[in-house]
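The exercises below go through one protein chain step by step. Try each task with the sequence and the structure in view before reading the solution.

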Amino acid sequence: METMESYRHAQDGLDAVLAAVRPDQWDKPSMCSEWSVRDVAGHVIWGQHQMRAWATGEDYRESAGAPGAPHPAVLAGEDPLRTWRAAREESVAALTPDALTRITSITGIGEVPLAAIVTLLITDHLAHTWDIGYALGMDVRPAPQLVDLAFEWARAHVVRRPGFFGPELTPPADADEHTRLLAFLGRAAWQPVPA
């Protein structure tokens with residue numbers, strides 16, 4: 001699967017989970033420590049705005065949705081799904097072949113072409129799709145190719161510190177590859193949802 005096609009599939013999976021969130025569930029806790037479902041939505045919306053800015057060369061200084069921000073929900077607004085879809089559409093339109101070659105500096109990774117950050121966001125989308133879906137009792141199963149791509153990126157580049165990814169966990173011996181990826185990213189997909 002080509003990178004941009006993989007990115008679209010990862011975004012589609014996130015979109016499907018966001019579309020399944022009921023109005024009374026947006027402020028429930030997610031599996032992402034200290035963030036509600038609306039906070040996670042605000043963070044992924046921020047990521048789309050940041051990608052668009054990198055692609056176009058704009059100066060984007062909003063930090064409310066950055067990794068580790070205390071309340072990204074402010075970026076999600078009253079209709080997080082609509083806000084996400086608008087941000088996604090604007091961001092993807094800006095990711096032209098020329099834009100994907102633009103060199104960008106990212107915390108913990110250094111200077112890389114924007115195309116490399118697309119793979120980071122695939123990983124981020126898979127993690128946050130699970131953070132929302134699992135917390136709300138949804139069955140989240142990304143395509144194996146996406147899991148493989150995200151796992152390859154994570155093994156080479158994962159940043160472990162507050163606000164990014166947690167310490168690696170040991171999954172059960174019979175865990176599938178998605179569960180192993182989540183464990184590598186600090187998520188215990190085999191444990192019950194905290195009350």
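**Exercise 1: The two faces of strand 1**

Task: In this predicted model, work out which side chains of strand 1 point to which face, and which of them are buried.

Solution. Step 1: Go along strand 1 and note that its side chains alternate. Step 2: Thr 104 and Ile 106 point to one face, and these two are buried. Step 3: Ile 103 and Ser 105 point to the other face and are not buried.

**Exercise 2: The hairpin**

Task: Find how strand 1 and strand 2 pair, and name bridge partners in strand 2.

Solution. Step 1: Locate strand 1 at residues 103-106 and strand 2 at residues 110-113. Step 2: The pairing of these strands is antiparallel and runs over 4 bridges. Step 3: Ile 106, from the buried face of strand 1, has Gly 110 as its bridge partner. Ser 105, which is not buried, has Glu 111 as its partner. Step 4: Look at the turn, where 3 residues lie between the strands. Gly 108 in this hairpin takes a positive phi near 85°.

**Exercise 3: The chain as a whole**

Task: State how many helices and strands the chain has, in what pattern they follow, and how its radius of gyration compares with the globule rule.

Solution. Step 1: Count the elements: there are 6 helices and 2 strands. Step 2: Put them in sequence order, which gives α-α-α-β-β-α-α-α. Step 3: The radius of gyration is 16 Å, close to the 16 Å from the globule rule for 195 residues, so the chain is as compact as a globular protein of that length. Step 4: For the extent along the principal axes, the C-alpha atoms fill a box of roughly 45 × 35 × 30 Å. Step 5: Of the 195 residues, 49% are buried. Step 6: Take the contacts between residues at least 6 apart in sequence; 64% of them join residues at least 24 apart.

**Exercise 4: The cover of helix 6**

Task: Find how many residues of helix 6 are buried, and which helices they pack against.

Solution. Step 1: Helix 6 spans residues 177-184, and 6 of its 8 residues are buried. Step 2: The buried residues are His 178, Thr 179, Leu 181, Leu 182, Ala 183 and Phe 184. Step 3: Their packing partners are helix 4 (114-135) and helix 5 (144-157).

**Exercise 5: Ile 122 and Lys 28**

Task: Decide for Ile 122 and for Lys 28 whether the residue is buried, partly exposed or exposed, and list the contacts of Ile 122 and Lys 28.

Solution. Step 1: Ile 122 is in helix 4. Its relative accessibility is 0%, so Ile 122 counts as buried, the limit being under 20%. Step 2: Leaving aside neighbours within four places in sequence, Ile 122 is in contact with Thr 3, Ser 6, Tyr 7, Ala 10, Leu 146 and Leu 149. Step 3: Lys 28 is in the loop between helix 1 (3-20) and helix 2 (37-56). With a relative accessible area of 36%, Lys 28 is partly exposed. Step 4: Apart from neighbours within four places in sequence, Lys 28 is in contact with Ser 36, Val 37 and Leu 136. Step 5: Lys 28 and Leu 136 are 108 residues apart in sequence, yet their C-alpha atoms are 8.4 Å apart in space.

Conventions: Residues are numbered from 1 along each chain as its sequence is written. This is a predicted model: local features need pLDDT of at least 70, side-chain atom pairs count only at pLDDT 80 or more; totals for chains, interfaces and linings use all residues. Side-chain values use heavy atoms; hydrogens and water are left out. The radius of gyration is taken over C-alpha atoms; the globule rule is 2.2 Å times the number of residues to the power 0.38. Buried means under 20% relative accessible area, exposed over 50%, partly exposed in between (1.4 Å probe, protein chains only). Contact means heavy atoms within 4.5 Å. Two strands pair if DSSP finds at least two bridges between them.
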